[in-house]
Amino acid sequence: KSSSISATINGHVLSVVFTENLGQVAIAVTYADGGTVDTSTIQTPSGVNIYIAGTGSFVVRFTLRDGDEYYGEFDVTD
């Protein structure tokens, strides 16, 4: 299912697109060393843009209804 999730970072905007229906998905963005930046739940297939106000290293985690989790690490430098 990880191929059904596309996430890109452009400046401070994390864009997430779900290319197939995975049901309801929880999205959590955290600092790499802890601390929550943003959490949301969306119905797929769809997409969402998340604004990351600060800079540093971050983790985005996707949790499906069945408990499966997928994550990615990224940096915001500008």
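**Two antiparallel sheets and two buried residues**

At a relative accessibility of 5%, Phe 62 counts as buried, because the cut-off for this class is under 20% relative accessible area. The model in which this value was computed is a predicted one. Phe 62 belongs to strand S6. Leaving out residues up to four places away in sequence, Phe 62 touches Ile 5, Ala 7, Val 16, Phe 18, Val 25, Ala 26, Ile 27, Asp 68, Glu 69 and Tyr 70. Val 76 lies 14 residues from Phe 62 in sequence, and the two C-alpha atoms are separated by 19 Å in space.

The strand that holds Phe 62 is part of an open sheet of four strands, arranged in the order S4-S3-S6-S7 with antiparallel pairing. Strand S4 (36–43) and strand S7 (69–76) occupy the edges of this sheet; each has a single partner strand, so one side of each is left without a neighbour in the sheet. On average, neighbouring strands of this sheet are turned by 15° against each other, direction ignored. Strand S6 covers residues 56–64 and is joined to S7 by eight bridges, the two strands running antiparallel. Within this pairing, Val 60 is positioned opposite Gly 72 of S7. In general, the strands of a sheet pair through backbone hydrogen bonds, in either a parallel or an antiparallel manner.

A further open sheet is formed by three strands in the order S1-S2-S5, and here too the pairing is antiparallel. Its edge strands are strand S1 (5–10) and strand S5 (47–51), each of which pairs on one side only. Neighbouring strands of this three-stranded sheet are turned by 15° against each other on average, again with direction ignored. Strand S2 comprises residues 13–18 and pairs with S1 in the antiparallel sense over six bridges. Among the residues involved, Ile 9 has Leu 14 in S2 as its bridge partner.

Ser 4 is located in the segment before S1. With a relative accessibility of 2%, Ser 4 also counts as buried, since this value falls under the 20% cut-off. The side chain of Ser 4 forms a polar contact with the side chain of Glu 20, at 2.6 Å. When neighbours within four places in sequence are set aside, the residues in contact with Ser 4 are Val 17, Phe 18, Thr 19, Glu 20 and Leu 22. Phe 18 is thus listed among the contacts of Ser 4 and also among those of Phe 62.

Key. Residues numbered from 1 in each chain as written. Predicted model: local features only at pLDDT ≥ 70, side-chain atom pairs only at ≥ 80, totals over all residues. Heavy atoms only, no water. Pairing = 2+ DSSP bridges. Axes fitted to C-alpha atoms, helices over the stretch in contact; angles between N-to-C directions. Buried < 20%, exposed > 50% of the residue type's maximum accessible area, 1.4 Å probe, protein only. Contact = heavy atoms within 4.5 Å. Polar contact = N/O pair within 3.5 Å; in protein donor to acceptor, adjacent residues only side chain to side chain.
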